[in-house]
Amino acid sequence: MSVYAMNRRRFLQTTGTIAAASLFSSRFAWAAGDHKIDKIGVQLYTVRDLMKNDFEGTIAKVAQIGYKEVEFAGYFDHTGKQVREILAKNGLTAPSTHVQYDELDDKFPSVIDTSKEIGLEYIICPWIPEELRKSPDIWKQAAEKFNKCGEQVKKAGMQFGYHNHWFEFLPTNGKLPYDELLRLCDANLVKMEMDLCWISTTHTDPVKYFEKYPGRFPLVHVKDVKTMPKISSGGSQNFGDTVDLTEVGSGVIDWKRIFAHSEQAGIKHYIVEHDHPKQPLESIKTSYEYLKNLRW
């Protein structure tokens, strides 16, 4: 073989390897940035003050922004049938609703009936009142209650769940309440709606929970914070009163890193929330635009 032929073959082999590597690299880069949220949701608690005066009109404005899903936190004297019709009229679906802890007993059968009438998938308890959290056995009691509710909801063709704040990640009697709920609640009966902002404010990594409890987080709350607050067990921090919340993408939370583990977590619904926005519609529009363009 001539020196020319040998050099030519080496050249072709080398350039072929480089080309293949470049192609693989470009395909990998494309795949890594190809994930996005197909249906962005919003917790209507964010626009609650507007809904008090104009329930249907506010829902219509939410849909006009581009949202495809909404999560309820009260129906403002509307029946399940009326709510379902308003959603259909605006091209929306409601995967979930928030139901207070004191509605999980005698009132719960009615809650289930209304939820079925609307067409919900999930009934979520969003909060355990501070006075109840003072009980040393509250998390055991809550888990028992959640399991019972989960059985009832499962029979009705839906799923029960719990939404965290920050206090579940502060030790109580040497244990983390959130860990106790995950341990004591039946994974098939009780799912978690993880509030990604609240867990982050306690300097707890949500990804660690996704890795330890894969598939248990079908819903997440997506909201941001400008600076990490000093967290205490309760008081004035309730519902974000003293926390510097902001629109999604305007704060310090690394959404790409968290959402890169969405499949592992089992996330199906991404729900925007801001507890106290100065301009509610403008706020949810800003968050929507950020999430619509987010790729990971």
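**Exercise 1. Helix H8 and its surroundings**

Find which residues of helix H8 (residues 177–184) are buried in this predicted model, and which elements they pack against.

*Solution.* Start with the helix itself. Pro177, Tyr178, Glu180, Leu181 and Leu182 are the buried residues to pick out in H8. Next, look at what surrounds these side chains. The buried residues of H8 pack against two helices, H7 (138–155) and H10 (206–212), and against two strands, E5 (159–163) and E6 (190–195).

Now step back to the loop that leads into H8. Asn173 sits between E5 and H8, and with a relative accessibility of 64% Asn173 counts as exposed, because the cut-off for that class is over 50%. Hold on to Asn173, as Exercise 5 returns to its backbone.

**Exercise 2. Strand E4 and its partners**

Work out which way the side chains of strand E4 (residues 122–125) point, and how E4 pairs with E3 and E5.

*Solution.* Go through the side chains before the pairing. Tyr122 and Ile124 point one way from E4, Ile123 and Cys125 point the other way, and all of them are buried.

Take the E3 side next. Strand E3 (residues 93–98) and E4 are parallel, paired over three bridges. For a register mark, use Ser96, which stands opposite Tyr122. The connection between these strands runs through helix H5 (residues 108–118), and E3, H5 and E4 together make a right-handed β-α-β unit.

Then turn to E5. E4 and E5 also run parallel, joined by four bridges. Here the register mark is Ile124, opposite Gly161 in E5.

**Exercise 3. Two residues in the strands**

Describe the surroundings of Tyr122 in E4 and of His98 in E3.

*Solution.* Begin with Tyr122. Its relative accessible area is 6%, so Tyr122 is buried. Beyond residues up to four places away in sequence, Tyr122 touches Pro95, Ser96, Thr97, Gln159, Pro218, Leu219, Lys268 and His269. A distance to check in your viewer is the one from the C-alpha atom of Tyr122 to that of Lys154: 9.7 Å, for residues 32 apart along the chain.

Continue with His98. This residue is buried too, with a relative accessible area of 11%. The side chain of His98 makes a polar contact of 3.3 Å with the side chain of Glu71. Leaving aside neighbours within four places in sequence, the residues in contact with His98 are Gln43, Glu71, Phe72, Ala73, Ile124, Pro126, His163, Glu193 and His221. Ile124 in that list is a residue of E4.

**Exercise 4. A buried acid and the cysteines**

Place Asp275 in the fold and find its side-chain partner, then say how many disulfides the structure holds.

*Solution.* Locate Asp275 first: this residue lies in the loop between strand E10 (269–272) and helix H13 (280–293). With a relative accessibility of 2%, Asp275 is buried. Its side chain makes a polar contact of 2.6 Å with the side chain of Lys223.

Now the cysteines. A disulfide is a covalent bond between the sulfur atoms of two cysteines. The search of the whole structure finds zero. Among the cysteines, Cys185 is buried at 5% relative accessible area, and Cys197 is buried at 0%.

**Exercise 5. Positive phi**

Where do Asp77 and Asn173 lie, and near what value is phi for each?

*Solution.* Recall the background first: most residues other than glycine have a negative phi. Asp77 has a positive phi, near 70°. Its place is the loop between strand E2 (69–72) and helix H4 (80–89), and at 81% relative accessibility Asp77 is exposed. Asn173 also has a positive phi, near 55°, and its place is the loop between E5 and H8.

**Exercise 6. The whole chain**

Summarise the chain by its secondary structure, burial, surface and contacts.

*Solution.* Count the elements first: the chain has 13 helices and 10 strands. For burial, 49% of the 296 residues count as buried. The exposed surface comes to about 14900 Å², of which carbon and sulfur atoms supply 51%. Finally, consider contacts between residues at least 6 apart in sequence: 81% of these join residues at least 24 apart.

Definitions and conventions: Residues are numbered from 1 along each chain as its sequence is written. This is a predicted model: local features need pLDDT of at least 70, side-chain atom pairs count only at pLDDT 80 or more; totals for chains, interfaces and linings use all residues. Side-chain values use heavy atoms; hydrogens and water are left out. A disulfide is a pair of cysteine sulfur atoms within 2.5 Å. Buried means under 20% relative accessible area, exposed over 50%, partly exposed in between (1.4 Å probe, protein chains only). A polar contact is a pair of N or O atoms within 3.5 Å; within protein, one must be able to donate a hydrogen and the other to accept it, and residues adjacent in sequence count only if both atoms are side-chain atoms. Contact means heavy atoms within 4.5 Å. Accessible areas come from the Shrake-Rupley method with a 1.4 Å probe; for residues, only the protein chains shown count as cover. Two strands pair if DSSP finds at least two bridges between them. A crossover is right-handed if, with the strands pointing away from the viewer, the path from the first strand over the helix to the second runs clockwise.
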